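Student: Got a minute to go through this one with me? Let's start with a helix contact.

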Amino acid sequence: MRIANVLQLGIKELRGLLRDPMLLLLIVYAFTLSVYTASRAMPETLSRAAIAIVDEDRSPVSGRIALAFYPPYFVVPRLITMAEMDSRMDAGLDTFALDIPPNFQRDLLAGRAPSIQLNVDATRMTQAFSGAGHIQSIVSAEITEFLRRSGAATATPVDLVLRARFNPQLDKAWFGSIHNVISSITMLSIVLTGAALIREREHGTIDHLLVMPVSPVEIMLSKIWSMGLVVLLASAVSIYLVVRGLLAVPIEGSVPLFLAGTALQLFATTCIGIFLATAAGSMPQFGLLMILVLLPLQVLSGGMTPRESMPEAIQAIMLLAPNTHFVILAQAILFRGAGLDVVWPQFLALLGIGAALFLFSLGRFRRFLK
Amino acid sequence: MARDHDRNAGAVTTAPDAGPVARLSGVALSYGATRALDGVTLDIPAGRMVGLIGPDGVGKSSLLALVSGAQAIRGGRVEVLGGDMADAAHRRLSCPRIAYMPQGLGKNLYPTLSVFENVDFFGRLFGQGQEERGRRIADLLRGTGLSAFADRPAGKLSGGMKQKLGLCCALIHDPDLLILDEPTTGVDPLSRRQFWQLIDRIRQSRPGMSVIVATAYMEEAAGFDWLVAMDSGRVLATGTPAELLARTGAPTLDAAFIALLPEQRRQGHSALVIPPRPAGAEEAVAIEAEGLSMRFGGFTAVDDVSFRIARGEIFGFLGSNGCGKTTTMKMLTGLLAPSEGRARLFGQEVDPNDMEVRRRVGYMSQAFSLYSELTVRQNLDLHARLFRMEAARIPARIAEMARRFDLTEDLDSLPDALPLGLRQRLSLAVAMIHAPELLILDEPTSGVDPLARDAFWRILGELSRQDGVTIFVSTHFMNEAELCDRISLMHAGRVLVSDTPAGIRQRRGAASLEEAFIGYLEEASGQEAPPEPAAAAQPAAPPAQRAFSPQRMMAYARREALELRRDPIRAALAMLGSVLLMLVIGYGINLDVENLTYAVLDRDDTTVSRDYALQISGSRYFSERPPVTDYADLDRRMRNGELSLVVEIPPGFGRDVARGRQVQIGAWIDGAMPSRAETVRGYVQGMHAAWLTQKAREVLGTAAASFQIETRYRYNPDIQSLVAMVPAVMPLLLMMIPAMLAVLSVVREKELGSIINFYTTPVTRLEFLLGKQAPYILLALLNFLMLTGFALFVFRVPMSGSFWALSAAALLYVVCSTAMGLLISSFMRSQIAAIFGTALITLIPAVQYSGMTDPVSSLEGAGAVIGSVYPTTHFITIARGTFSKALGFAELGDAFLALALAIPVLLGLAVVLLRKQAP
């Protein structure tokens, strides 16, 4: 293998990229505007959750409860009737409906332990689960406070003080922005290397390379470094300018360390791109294969929903995907300020996955060229 | 000349003057800095066979593209068939009367479609009925001798057959004006002769037809009625061949053309002679082939071929298109491993991995295979470096090659902006940049003009005679074959004869090499009967120009569907892949957060504090880790992500609770992932409240005021992930996969060249787009049914609402998603950008802005705006409504309306952004 060939072929790739202004524009968009918009769109914690109240009691305590829900966490609750509740929830207008039964206050004070019913639209996923807990504690607090004032009973005076570390306001934009940078990194690196390889074959240029003193390893490495470099630069710009600059996300850890991790991630994902190109016969097939790989990488890597809650089989399978380790690494470095002493297992895992993918893809690539 | 015999019959076809068929005035065209046409003013007579002659890159192709309407006019005025070609209405009316066959072997054909299907597609585009089409196709295929190959995919045809097929496609609608751009470039002599016989027969049956041909073969041009000689974007002279000869006093058209050129272009031109090889020259063998055979499946491409080529020899390889020349050459370069036999270069067996041998060989493949994204200079530079030339020597070498191949002015142009002939010269320059000892050249001069060809052979002569370079070259030009030391004639995979050119002529007793060659070929192919003349074409029914023709739309729909069917892997990937994804994502995404890791920092360690901690460990949501010992431990274990929650119970907790004193319990939550943190917070608060209630009851007895909050999860009472996720994952898949299927349909035609058919046929933009969309809608609907089937019967997701409502919505939705693909496709130029663009505009909005996890109502900023109009939002509402909420059409009216409105918007945008001419 000759480094000079790898360098020259890589420069060729970069020059080719410069000739496609539309693609350059898309790259810029993916790492700036798209990250910005997606992060800004992320609702703040529990944001403007749609709640309605069926107040069949119309007592001071039920009035208190109704007043406890206000923006920005909730919309101002709508007071509706029992009959309206079903149709409104069916239409998806309300995510939560609180039903306070008749004589609730009387029963409460009489110690008859009445029940308030909280209806949750379970199809609303995130909001359903976190919102339900939130509403329960608000209602409990209001009733407890009411009881304390009315002197009916004194509940045990134990307060729960909650502190969120690393992101005290639980601002979703913080993590959302990083998650979006990660998705752009994965998407772009796979597309650039894979599609560039297929294009070479469709245009017959790969045949030409093979009669020159150039080996498959050199061709493959040149694509990896050049496309990897483009994506790495784009991610650095995105982290510094968009995430830290425009979105003002406080980054606790070392960005260079994160970028080092990104380089490893790129090593792995560019190899995936090459593998997909060798598996696909044509550009249309490549497009589909890419979606089949990209979607699980994106959705199941732990960036969208916590890994712990996935079925164990899926957790185990996803350990083989570079993104899983990259998401862990990104969270740890950027938000928890972790250093290499903490994230070295992820670096090692990425290196291992990258190396395995590289060897595997190289084998496929050699056969692809035959 | 072979053509002269045929012209006798053709002469009668020259129609009386009927005014010009095309009239150009002051026409100019530039590509970037390159000026292709420079103020051309020209009247092209009607009813004649008009030839455009001139070297490469003088603007012949640009002129033809303008006349055909494929290229948008940027300067000057072009009138064709009595109307202005800048006027879209006139173009629409006249394009059914024009046929255009672009340069390049089969560039406007569809390689996966069969011969019949290709012609059939064009017939449909021009609105011909089934009976008419059948008759015309049969006539054309019989006339061109393609009948036997009607079922062969166009991509598997030889070059000459591709050109004949291109002609069939062009002639299917009886054009009044036939435009052929270098139709015989790269075609073997026999096929070339047949091609012109065919054109003559067609002209006999349609005397009024005007034909404009660009050609690099002067001997062909000599048989035309009227010629236009061009140079540097300008017209040098016009007139009949006889007039041109008379004006210049030259004996041949070649000489006449050279005489017409300005002084400085003519300089240094003299007849080409390559001196004979010195007797007793070195007899070391450079190339040796022994019984080479190559089989592809049951087809034998090369059959037991043997030859030896001495060092410094020029060895010519001739043969009909598709006879195995290219395959043989590829085996010699190591690109293909032979099925049988051996090949040796410089005495060593060909080893694909031997870098040293590669450095000694220069190879030029038949199709242009350099980087179109690099300039001429960059291409040369890259190859020089890859061949390990010293960096310091490279600039001089590039300058030398550019001078030798007359590329100096184009060093900074992109290959795509150059005409075929110049691109061929660039390929040659690249093959020779590293001064190899052996050159393997596969039809290096196809499409190169006579002057440049002479110059090129002069170089080959020098290389062979002075530097002892061995040259193995294939060609269709007989005057080139004459220059070789020895030639081999190949046919159907076998070498027919191998000898010096003079030896071959003598053996055959033929006057010229071409005669000998055709004689051998006709003998080998069993003296095929001359094809019957095409039946006299009946005048086509005047095609009604309707604003929207379902027939033309269906022509594209059929073609797209055929291509899809030829690629079953794609359809299978779409179907099976989506089911797999639905399963994986449906199981994988679980918003009901479980198994959260937590630990307790218990500074009290009493029964009360342990009771509190027990409350958490009993929860199904949490899994306990070893207790935290101190703050340092807490910090470390939260930082590395081991713990999501730490509960700190203060010292004296039990005592204070008993005394009713105010106490605080601390809970640290890992906020790095906010949605998880929020859920944790909710759980902790809920548990705390429950513990308090329980305590109160213990302390105060049953009399204590207490209450309960009963949480009912509606629509998915068991909070099953799959039940909740399937209605959200299905819209995601039905957005991404159909969009990705459709996106390449247009941009791929742009990249591979067949988009020209859209430019030059009467199909409108809307017909084109709808036609392309239809098969993908159908495939996506099948996909929907399959996903629903799996959801209902395999994953057992209950459906409570209306299946028909869901299906109707799915139809609207996949129309939207395929339209998104087409929209991107309509303005992108490269497939890579189109794929990336599609992934960007489908994945992010569908996952993040469409209510899959966060409800649209809670989004903010631009995301909220996108979310409210994005089709996925509305289809998720409908899918959840019909699967989980027992809803039907009536309740979901708004979502249906939103989906229906998105369709005209998306398609309208695509129509606006798509161009009907080359920009």
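Student: Which residues of α3(A) meet α8(A)?
Tutor: S34(A), V35(A), A38(A), S39(A) and R40(A). Across from them in α8(A) are A173(A), G176(A), S177(A), N180(A), V181(A) and S184(A). Contact here is C-beta atoms, placed from the backbone, within 7 Å. Helices are DSSP runs (H or I, at least four residues) and strands are E runs of at least two, numbered from the N terminus.

Student: What's the chemistry of that contact?
Tutor: Four nonpolar, six polar and one charged. Gly counts as polar in that split.

Student: Predicted or experimental?
Tutor: This is a predicted model, where local features need pLDDT of at least 70, side-chain atom pairs count only at pLDDT 80 or more, and totals for chains, interfaces and linings use all residues. Residues are numbered from 1 along each chain as its sequence is written, with chains lettered from A and ligands numbered from 1 in the order in which they are written.

Student: What's the mean pLDDT of chain A?
Tutor: The mean is 86, on the predictor's 0 to 100 confidence scale. 96% of chain A's residues reach 70 or more.

Student: Where is confidence lowest in chain A?
Tutor: In strand β5 (residues 158-165) of chain A, at a mean of 78. Helix α11 (residues 255-279) of chain A is highest, at 94.

Student: Switching to chain B. What's the strand order in the open four-stranded sheet?
Tutor: β2-β1-β4-β5 (chain B), with antiparallel pairing. Pairing takes at least two DSSP bridges. The edge strands are β2 (34-45) and β5 (83-84) of chain B.

Student: How many bridges join β1 and β4 of chain B?
Tutor: Four. S25(B) has R77(B) as its bridge partner in β4(B).

Terms used: Contact = placed C-beta atoms within 7 Å.
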